[in-house]
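Let us take a walk through a protein structure together, one piece at a time. Keep the picture in view and turn it as you read.

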Amino acid sequence: MCLLATPVLIMYGKTVKPDSYIRRTYRYKTQLGTGGSGTVYLAKHMRLNKNVVIKITNDCSPEAVKIHRNEVEALKNIKSLHIPQVLDFFIEEDKSYTVMEYIDGVSFDKLLREKRSFSEPQIMCWYIQLAQTLDVIHKRNIFHRDIKPANIMLTTNGDICLIDFNSAFVIGNNTGVISRSMGYASPEQYEYFKICKSRQKEIMKHNFEYLETALLAGDCRTEPCTRASLHVNTQENIGLRNIDWGLSDIYSLGATIFHFLTKKRPPVKPGDVEKITNMEGYSRQLPEIIQKSMNSDPLKRFSSARELYDTLLNLM
């Protein structure tokens with residue numbers, strides 16, 4: 001609870017000193033969400049006179065701070081119209097604070113729940129923007145690993161913004177955080193998650209029906225992997241260290257666009273994904289690109305986000 005009109009700020013039952021950095025710099029406006037690890041607020045940066053998003057987390061143990069910093073490490077050097085900017089990260093009063101650019105818009109998860117329909121030109125535009133965004137982060141060895149409608153914002157100017165890099169794999173900062181959003185996670189990510197779950201049941205966190213998150217120990221952390229190092233029969237030889245997370249992101253993006261197109265959540269098993277080559281009101285090429293992106297064999301998908309981007313651009 002925030003008491004903004006008084007000389008102190010009460011949060012989580014503790015008093016924050018009036019001269020604290022958080023109190024001097026930001027003013028809370030409204031709560032945007034809450035979860036097991038903390039709360040997200042819309043706030044105003046007083047000196048800059050602009051809205052920001054502040055993520056407050058309660059656990060400040062050394063391991064927890066590494067995890068809280070994962071999104072910061074992923075985004076701190078990225079400049080893109082389609083990714084929120086990290087503005088600040090600090091620890092104060094036994095809490096960690098991540099300050100992000102405020103994105104004025106609505107999540108596609110909400111739009112899909114409202115049964116919104118999207119035209120092919122709209123979907124193509126967003127698909128291109130997202131493929132370009134993946135190309136940008138993949139070239140910096142950053143992999144999102146949780147692409148889904150809930151993590152994509154439609155901004156007020158009609159563009160997209162990819163958010164929530166909490167589960168991102170950042171080479172050089174492997175904190176061991178992994179998510180599995182049912183229907184959107186690639187088959188290899190799903191299997192990888194199952195292996196780790198069987199080994200580390202005691203540290204699993206189940207957030208809600210369609211999302212599970214794990215904090216992984218050392219023997220379940222992956223190393224950098226490229227398409228060239230994958231086995232041809234990846235599904236039969238799935239392991240903990242032979243996942244190309246770039247190809248996994250391509251699957252998840254395809255599954256997300258599948259949902260945009262069909263208004264149906266993708267099935268968990270790739271073999272259950274229905275063919276969408278004959279969608280009324282859509283060209284043949286767009287469903288074919290989605291189907292290729294969602295191939296259960298990573299080596300039969302687009303070889304990179306750049307190839308996907310170029311293919312989409314050629315259809316415009």
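The paragraphs below begin with the whole chain and then visit its sheets, its helices and a few residues.

A word on the ground rules comes first. This is a predicted model, in which local features need pLDDT of at least 70 and side-chain atom pairs count only at pLDDT 80 or more, while totals for chains, interfaces and linings use all residues. Residues are numbered from 1 along each chain as its sequence is written, and side-chain values use heavy atoms, with hydrogens and water left out.

Now look at the chain as a whole. Its secondary structure comes to 9 helices and 15 strands. Here helices (H or I, at least four residues) and strands (E, at least two) are DSSP runs, numbered from the N terminus. Of the 316 residues in the protein chain, 51% are buried. Buried means under 20% relative accessible area, exposed means over 50%, and partly exposed lies in between, using a 1.4 Å probe and protein chains only. The chain exposes about 15000 Å², and carbon and sulfur atoms supply 50% of that area. Such areas come from the Shrake-Rupley method with a 1.4 Å probe; for residues, only the protein chains shown count as cover. Among contacts with a separation of 6 or more, 60% are between residues 24 or more positions apart, where contact means heavy atoms within 4.5 Å.

Next, find the open sheet of 5 strands, which has the order 3-4-5-7-6 and antiparallel pairing. Which strands form its edges? They are strand 3 (26–34) and strand 6 (86–92), and each pairs on one side only. From one strand to the next, the twist averages 25°. Two strands count as paired if DSSP finds at least two bridges between them. Angles run from 0 to 180 degrees between N-to-C directions, and axes are lines fitted to C-alpha atoms, for helices over the stretch in contact.

Inside this sheet, strand 4 (residues 38–45) and strand 5 (residues 50–57) are antiparallel partners over 8 bridges. His45 stands opposite Lys50 in strand 5. The hairpin of these strands has 4 residues between them, and Asn49 there takes a positive phi near 55°. Strand 5 is also joined by 6 bridges to strand 7 (residues 95–101), again running antiparallel. Two facing pairs help you trace this: Thr57 stands opposite Ser96 in strand 7, and Ile54 stands opposite Val99 in strand 7.

Stay by the edge for a moment and look for Ile91, which has its place in strand 6. Is Ile91 buried or partly exposed? With a relative accessible area of 45%, Ile91 is partly exposed. Leaving out residues up to four places away in sequence, Ile91 touches Cys60, Val65 and Ser96. Ile91 and Val65 are 26 residues apart in sequence, and their C-alpha atoms are 8.9 Å apart in space.

There is also an open sheet of 3 strands, in the order 8-10-11, with antiparallel pairing. Its edge strands are strand 8 (105–107) and strand 11 (160–162), each pairing on one side only. The twist here averages 30° from one strand to the next. Strand 8 and strand 10 (residues 152–155) run antiparallel and are joined by 3 bridges; in strand 10, Leu154 is the bridge partner of Val106. Helix 5 (residues 120–138) packs on this sheet, touching strand 10 and strand 11, and its direction makes about 35° with that of strand 11.

Helix 5 leads us on to helix 8 (residues 285–293), where Leu286, Pro287, Ile289, Ile290, Gln291 and Ser293 are buried. What covers these buried residues includes helix 5, helix 7 (245–262) and helix 9 (305–315). Two packed helices are described by the angle between their axes and the distance between the axes. The axes of helix 8 and helix 9 come within 11 Å and cross at roughly 175°. Helix 8 and helix 9 are therefore roughly antiparallel to each other. Angles under 35 degrees count as roughly parallel, over 145 as roughly antiparallel, 65 to 115 as roughly perpendicular and the rest as oblique. Where they meet, Gln285, Ile289, Lys292 and Ser293 of helix 8 face Glu307, Leu308, Thr311, Leu312 and Leu315 of helix 9.

Our last stop is Glu73, in helix 3 (residues 70–75). Its side chain makes polar contacts with the side chain of Arg69 at 2.6 Å and with that of Lys76 at 2.9 Å. A polar contact is a pair of N or O atoms within 3.5 Å; within protein, one must be able to donate a hydrogen and the other to accept it, and residues adjacent in sequence count only if both atoms are side-chain atoms.
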